[in-house]
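Here is a short note for a colleague opening this entry for the first time. The points below can be read alongside the structure.

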There are 2 protein chains.
Amino acid sequence: MTRAGRSQEEIRQRNLGALLRHVHLAGAVSRSELADRMGLNRSTILALTAELTSAGLVREELPRDTGRAGRPSLVVRPEPGRFHVLAFDVRVDRLVAARVGLGGVVLDRREAVRQRAGADLEDVVGVLAGFGHDLLRRTRPGSLCVGVGAAYCGMIRPADGTVRYGPNMGWVDQAFGTELGRRLGLGLPVPVGNEAHLGALAEHQRGVGIGVQNLVYLHGDVGVGGGIIVGGKLLDGDGGYGCELGHMMVNPYDGRPCECGSRGCLEAEVGERALIDAAGRSGDLSGREGVRAVVEAAERGDPAAREALHRIGDWLGIGVANLINLFNPGMVVFGGMLREVYPGSAAQVLSRVEANVLVASRERVRLRVSALGDDVTLAGAAELGFAKLLADPLDVLAETRARAGTRRRRTLTPTTS
Amino acid sequence: MTRAGRSQEEIRQRNLGALLRHVHLAGAVSRSELADRMGLNRSTILALTAELTSAGLVREELPRDTGRAGRPSLVVRPEPGRFHVLAFDVRVDRLVAARVGLGGVVLDRREAVRQRAGADLEDVVGVLAGFGHDLLRRTRPGSLCVGVGAAYCGMIRPADGTVRYGPNMGWVDQAFGTELGRRLGLGLPVPVGNEAHLGALAEHQRGVGIGVQNLVYLHGDVGVGGGIIVGGKLLDGDGGYGCELGHMMVNPYDGRPCECGSRGCLEAEVGERALIDAAGRSGDLSGREGVRAVVEAAERGDPAAREALHRIGDWLGIGVANLINLFNPGMVVFGGMLREVYPGSAAQVLSRVEANVLVASRERVRLRVSALGDDVTLAGAAELGFAKLLADPLDVLAETRARAGTRRRRTLTPTTS
DNA sequence: GTACTTCCTTCTTCGGGAGGACAAAGTTGG
DNA sequence: CCAACTTTGTCCTCCCGAAGAAGGAAGTAC
């Protein structure tokens, strides 16, 4: 049982958070609209916005040209450039870091390509922490970092950001989050999320899936990861390891071998290598560029490439059909490399959905391609960094200011190692 | 965004509901324990219990022999025999109705076997409504019916209790809930739930799955239904049609034909007929008794029966492995006819789990057999009937009393049609 | 310029929960 | 059997958050 809405302070805290979240996600909302959406009185909205304004989180402006009768409602916007988070993204083929402002604006970013082969924890964290310090150094003074978030292409223990299983780098039980936090030296914890989990959140909050309370997101890179939104919240499971739809067995007989040691997993049948092999191009192509080449060949009419996309689509369709039967979602979103693959495979996917999904569940489901492109995961990481602030704005600010105070007192030189 | 914990009244309502739910599920809880579990002050618990006591929902008693130092805390129990719900259960092979008291005690019940072949909506509703009237007639005066709930072995539209797809009876879009409500004539809506959904809830609240926040429940009868608890709540999806794990495709090549029109669905590979066919007994056995016969034969050492269970277990294992990868649950529960099948198939299931589930997700998962037996679904239906009361106790009581008033005023003869 | 609409702001009221003080009811130990 | 200790029940006051009414402000419509 969750403890109900306990004391009044908790209410205030939650309402402040909810209001800030609305502003953060919408960019600009009028007070009257906030009152409507949150089901609160005008007076209450006044009190809440006043508190957030004086905290420096939002600002209020007169709108221009409402066009409607009556006194125009003040518009609440996130205060630009006063608070930000650091977002990190460890992808299969590159490392990305960004400074993201309240409202979700990417203020600055750094990027490095990386070899697909194994990499050392030290190296990866070193590059990312370097990016982080650089981003902070170039921040105009007065802007405070209120959180950090990281996306990683592997299985993560949410409690401490440990990489349980990262097939691309060959990592097993590496303390990624803790280590990155230590190297950043900000005194902030670094929550880490699986790339597909965070992609799902991002598409749900800022992508094609806005307003969709039940959403299945498939993220393709080397394998296929998943993020599933159930009732507006990410499905995480007991340990945070849920949504592993890439290892759903779809081909129990002559399944292709999978990284995980099994055979016939969805990701073995529809991943990069499956597509390239199916197109008969395993000699000359590989990786994301390989996938692009096959897709482009198919668009030009190449029969082998088209046939390969169809074959992938059939397996993908089985997986998607199973997922729709299980989750009865309002939308299925294809992201990562599947964004490019899906259009050429859509017919097969749809026909599997038609054949295998019960009518009631397929009546209203929409199949879409990711709207946020390659930066979905980065956006998700940023949201992870904002999560605490949106849950309890004043508390996070107090902590942040306390931390800034002690740091300034302790040393006058910047805290880069 | 859900509107936060709005006004104070809403808090009070939720706290009353939460307290009543604790009492309902635990049977008897001390006030100090309630304060602990709900995170509320002693004074508040006092106020809440006082309100529920004066409403007649609970009573407080002196405990006997606490054994601990200090003044003994008063024990709060559900008031017996003052409020009840009607629970209905449409199973594959029988119709069940029961009067269930607060706390989950079955006070009285009626049951009728039914042919497995198609049945008319009118007939089924007629029998159930008759049971309902009979149960109410034999209630001692002063006991009020505060809700109704029904379980149905098919796909249900939760909004109005319409059976979208009921393969066993050949029903499509039949207004079961509405019709049963009309025939009962209580002025109460009749929420209807899928049997496996409700089974999952029941096992989660009163069965092996108490305290397990992420739980997968598989319910076997002719087919295989599913109910999945995610973060303590039933996964329903956009239309309430989620959890259809029975139509997960596990055998895309030489799959057995399924009721749904497809082939290779989980329920086609592990359902009653699959087992009986696999045992080579399709000539002389069928239905639930057929399953029992095969299981008993296997227990006596019959090789064909044992082999059949192993084969079923292998397919079941694929399905279960997929589910564990997707949901990372704390427990998987086998109910309905799977309760009998599972022990003889466990080795195969476990070996599939071992082979196909990623380590992190299988570290802690437990596989168990249903604890509530054949009445899981009935228990779930009762909980459905109690749901409103537990969400807003005083409101439901007010409505109930108002209804009782108007009914008594309108007619002096009982309201049986 | 007047009527109308919609919103902002202030002030008061209401209600829920926390917390302290004291009484009550049990155990423990002599 | 009594005193010390522990834990809880009950009462009372305080605090705080939200609602709601009233009056003013800032737009549009005609």
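**Notes on the model**

1. **How the two chains relate.** This is a predicted model. Chain A superposes on chain B by a rotation of 180° with 0.0 Å of shift along its axis, and the RMSD is 0.1 Å. The two copies are therefore related as by a two-fold rotation axis. Both copies use the same surface: 100% of the contact residues of chain A recur in chain B.

2. **Domains.** Chain A splits into three pieces: domain 1 (8-78), domain 2 (83-197 + 376-410) and domain 3 (211-371). Take domain 1 of chain A and domain 3 of chain A: their C-alpha centres are 40 Å apart.

3. **Nonpolar cores.** The largest nonpolar core has 96 residues. Which of them touch the most other members? They are A:Leu218, A:Val320 and A:Phe327, together with B:Leu218, B:Val320 and B:Phe327. Look at B:Phe327. Leaving out residues up to four places away in sequence, B:Phe327 touches A:Leu235, A:Gly237, A:Asp238, A:Gly242, A:Leu326 and A:Phe327 in chain A. In chain B, B:Phe327 touches B:Val216, B:Ile228, B:Val230 and B:Leu235. Another core, of 47 residues, lies apart from this one; its members include A:Leu201, A:Ile229, A:Val333 and A:Leu390.

4. **Helix H5 of chain B.** This helix covers residues 176-184. Its buried residues are B:Phe176, B:Gly177, B:Glu179, B:Leu180, B:Gly181 and B:Leu184. They pack against helix H4 (121-137) of chain B. They also pack against five strands of that chain: E4 (83-90), E7 (144-152), E9 (162-166), E10 (171-174) and E11 (192-194). After H5(B) comes B:Gly185, with a positive phi near 65°.

5. **An arginine in strand E6.** A:Arg110 sits in strand E6 (residues 105-113) of chain A. Is A:Arg110 buried or exposed? A:Arg110 counts as buried, because its relative accessibility is 17% and the cut-off for buried is under 20%. The side chains of A:Arg110 and A:Asp134 make a polar contact at 2.7 Å. Beyond four places in sequence, A:Arg110 is in contact with A:Asp134 and with A:Leu95, A:Val96, A:Ala97, A:Phe131, A:Leu135 and A:Arg138.

6. **DNA strand C.** There are 28 residues around DNA strand C. The closest are A:Gln8, A:Arg31, A:Arg42, B:Asn15 and B:Thr44. Sugar or phosphate holds 62% of the strand's atoms within 4 Å of the protein; the rest belong to bases. A polar side-chain atom of B:Thr44 is 2.6 Å from a phosphate oxygen of DNA strand C. A polar backbone atom of A:Leu74 is 3.2 Å from a phosphate oxygen. A base nitrogen lies 3.3 Å from a backbone N or O atom of B:Arg71. H1(B) gives the largest share of the surface near this strand, four residues.

7. **DNA strand D.** Here 27 residues surround the strand, and A:Asn15, A:Thr44, B:Gln8, B:Arg31 and B:Gly70 come nearest. Of the atoms of DNA strand D that come within 4 Å of the protein, 62% are sugar and phosphate. A phosphate oxygen lies 2.9 Å from a backbone N or O atom of A:Asn41. In B:Ser32, a side-chain N or O atom is 3.2 Å from a phosphate oxygen. A polar backbone atom of B:Gly70 is 3.2 Å from a base oxygen of DNA strand D. H1(A) supplies the largest share of the surface near DNA strand D, four residues.

Note on methods:
Residues are numbered from 1 along each chain as its sequence is written. Chains are lettered from A and ligands numbered from 1 in the order in which they are written. This is a predicted model: local features need pLDDT of at least 70, side-chain atom pairs count only at pLDDT 80 or more; totals for chains, interfaces and linings use all residues. Side-chain values use heavy atoms; hydrogens and water are left out. Copies are superposed by least squares on the C-alpha atoms of residues with pLDDT of at least 70 in both. Contact means heavy atoms within 4.5 Å. Domain bounds come from an automatic or database domain assignment. A nonpolar core is a set of buried Ala, Val, Leu, Ile, Met, Phe, Trp, Tyr and Cys residues joined through side-chain atoms within 4.5 Å. Buried means under 20% relative accessible area, exposed over 50%, partly exposed in between (1.4 Å probe, protein chains only). Helices (H or I, at least four residues) and strands (E, at least two) are DSSP runs, numbered from the N terminus. A residue is near a molecule or strand if one of its heavy atoms lies within 4 Å of it. A polar contact is a pair of N or O atoms within 3.5 Å; within protein, one must be able to donate a hydrogen and the other to accept it, and residues adjacent in sequence count only if both atoms are side-chain atoms.
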